[in-house]
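These are my notes from a pass through one model. I looked up helices, their packing, a few loops and some single residues.

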Amino acid sequence: MSQTAPATPSASSARWLTLTTVAFAQLMVVLDTTVVNIALPSAQLDLGFSDGDRQWIVTAYSLTFGSLLLLGGRLSDLIGRRRTFITALIGFAAASALGGAAPTFGLLVAARALQGVFGALLAPTALAVLATTFTDPVERRRAFGIFGAIAGMGGAIGLLLGGILTENLNWRWNLYVNCVIAVIAVIGALFFLPHVHRTGPRPKLDVPGTVLVSGALFGLVYGFSHAENNGWANAVTIGLLVGSVVLGTAFVYWQTRAEHPLMPLAIVLDRNRSASYLSVLLAGIGMFGIFLFLTYYLQLTLGYTPIKTGLAFLPMIVALVFTAQIGSNFLLPRFGPRIMVPSGMIFAAVAAFWLTALDLNSSYWPGIVIPLVLMGMGFGQMMPAAIQTATLNVDPRFAGVASALVNTGQQVGGSLGTALINTFAASAGTAYLASHQPATQQVLAQAQIHSYSTAYAWVGGFFVAGGILAALMYRSRSANAQVTATTGAAAEDAEPVIMH
């Protein structure tokens, strides 16, 4: 086997500048899932839309983003990652500017949908750039530690940033801020992202596969969103979810026959990668559930302002960043994902169960701070380990698709978690009111607390399930070493087909 020459200092510096560029793009996409939520009440007052219409500000983004992620990842493989990355950044910024300036509700919804389209192009491309840029194991661990920390804390940063912008400027700046971030990332991409020419034949886009999987993901995300507001027994909800299963099954079958499959099944049939995708999905369920209901508790029960609510999540962010670096650089190489991901899930589960003890008079310290720190430690352990493992030893030709599956897991997990846990919480609150009549103000407040506790308990249950599944699915370290040796030898013999 040939030896890889050590990187020159200038090449190493360029890689870290690439990471900085990619990190800005990833932060923009992740924080956009929560930063707009803080602005919704102000936007509603300004544009005059109803409570029923308000959900479309969130749904329009999640529908296009979730349903087009695999297409976005494959396009980055086909037309070049540098070109795709810059195009997606410019498109996302333009859509954000359109939404920020929107004079009507309809235009704001259209802008959010357009944000989702370019977000679906940007998110997998950013991760694919990272996966193909950092091939040295030590540098790769550091890079994915940073990237995984951003993926885990972006939602909390969105809450903080959204509160600051809404209170000190206005709701439109929650969208305009993306333009500032995008400009920085575009400049970085123009200077630091390499332009590598393709070698070998150019494969074609799998159009039937694209239609099938986009339809399946659209039905899945929209079905969850519809269930949140109309119930799981609703005919439209059932039709969407059943249709999603049918289209998804047809997609898998087609991938076994397509000449140029959109998603080669070998990517997901690898035990470690499938374990990582499932772990990211379950983490997404819990992460968005915690952000949602703890935000409700802080603002509606304890009376926190948007800025104070965002600041309340800072202990989690600090713990996450610190743990992500320690975990990626020191613990993951020693213990592997089979230990890191399940243990992170257990930390997060303990935090969620701890939150079930909150009541109407709970104090920030220690009732909220300690579980937030535990949650940050859990996310810091599991997210970088899962994301790094999900893209390890992937054929560079399919790095975009493998990366898209990570983002798809997090997006679908967030949509499922919001819908499912909201349903459980609402049912628990209703049952509490039915058994505690008359419905005085005190009883209503207690019913709300009961619904939050139910949500936290379900989140904890999902984390426990995730920890058990991860422990069972990930290969042992000795098995990983054998697989790495085999794939490394195969990579030496393979004809390189690399493009950016």
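**Val318.** I started with Val318, which sits in helix α12, residues 314-335. The model is a predicted one, and I read every value below with that in mind. Is Val318 buried or exposed? Its relative accessible area is 55%, and the cut-off for exposed is over 50%, so Val318 counts as exposed. I then took the distance to Leu372, which is 54 residues away along the chain. The two C-alpha atoms are separated by 9.9 Å.

**Helix α14.** I moved on to α14, which runs from 369 to 390. Its 22 residues reach 31 Å from the first C-alpha to the last, and I noted that this is close to the 32 Å expected at 1.5 Å a residue. How many of its residues are buried? I found 19 of the 22 buried, which leaves α14 mostly covered.

**α5 against α14.** Helix α5 covers residues 137-168 and packs on α14 with the axes 8 Å apart. The angle between the two is about 120°. Angles over 145 degrees count as roughly antiparallel and 65 to 115 as roughly perpendicular, so I entered α5 and α14 as oblique to each other. Their crossing is right-handed. From α14, the residues in this contact are Met383, Pro384, Ile387 and Gln388. They meet Arg140, Arg141, Phe144, Gly145, Phe147, Gly148, Ala149 and Ala151 of α5.

**The core.** I looked next at the largest nonpolar core, which has 132 residues. Which members touch the most others? They are Leu294, Tyr297, Phe379, Met382, Tyr456 and Phe463. I listed the contacts of Phe463, leaving out residues up to four places away in sequence. Phe463 touches Leu282, Ala283, Gly286 and Met287, then Met345, Ala348 and Ala349, and finally Met375, Phe379 and Met382. Phe379 and Met382 therefore appear both in this contact list and among the core members with the most contacts. As general background, nonpolar side chains tend to be buried together in soluble globular proteins.

**Loops.** I checked the peptide bonds before two prolines. The bond from Trp365 to Pro366 is cis, with omega near 0°. Pro366 is in the loop between α13 (337-355) and α14. The bond joining Gln437 and Pro438 is also a cis one, with omega about 0°. Where is Pro438? I placed it in the loop between α15 (399-434) and α16 (441-473). I also flagged Asn393, in the loop between α14 and α15. Asn393 has a positive phi of about 60° although it is not a glycine. Its relative accessible area is 39%, so I recorded Asn393 as partly exposed.

**α3 against α6.** Helix α3 (residues 81-100) and helix α6 (residues 173-192) have axes 8 Å apart and pack at about 160°. I therefore put α3 down as roughly antiparallel to α6. The contact uses Arg82, Phe85, Ile86, Leu89, Ile90, Phe92, Ala93, Ser96, Ala97, Gly99 and Gly100 from α3. On the α6 side I have Leu175, Tyr176, Asn178, Cys179, Ala182, Ala185, Val186, Ala189 and Leu190. α3 passes α6 in a left-handed crossing.

**α6 alone.** I compared the span of α6 with expectation. Its 20 residues should span 28 Å at 1.5 Å a residue, and the end C-alpha atoms are 28 Å apart, which agrees. Which residues of α6 are buried? I noted Asn174, Leu175, Val177, Asn178, Ile181, Ala182, Ala185, Val186, Gly188 and Ala189.

**α7 against α8.** The axes of α7 (residues 207-230) and α8 (residues 235-255) come within 8 Å and cross at roughly 155°. That makes α7 roughly antiparallel to α8, and I logged the crossing as left-handed. Leu241 is in α8. Apart from neighbours within four places in sequence, Leu241 is in contact with Gly219, Leu220, Gly223, Phe224 and Trp232. I also took the C-alpha distance from Leu241 to Asp395, which is 32 Å across 154 residues of sequence.

**Lys308.** My last entry is Lys308, in helix α11, residues 306-312. Lys308 is partly exposed at a relative accessible area of 45%. Lys308 and Ala351 are 43 residues apart in sequence, and I read 21 Å between their C-alpha atoms.

Key:
Residues numbered from 1 in each chain as written. Predicted model: local features only at pLDDT ≥ 70, side-chain atom pairs only at ≥ 80, totals over all residues. Heavy atoms only, no water. Core = buried A, V, L, I, M, F, W, Y, C linked by side-chain atoms within 4.5 Å. Buried < 20%, exposed > 50% of the residue type's maximum accessible area, 1.4 Å probe, protein only. Contact = heavy atoms within 4.5 Å. Helix = DSSP H or I, 4+ residues; strand = E, 2+ residues; numbered from the N terminus. Expected span 1.5 Å × (residues − 1). Axes fitted to C-alpha atoms, helices over the stretch in contact; angles between N-to-C directions. Parallel < 35°, antiparallel > 145°, perpendicular 65-115°, else oblique. Left-handed = near helix turned anticlockwise from the far one by under 90°.
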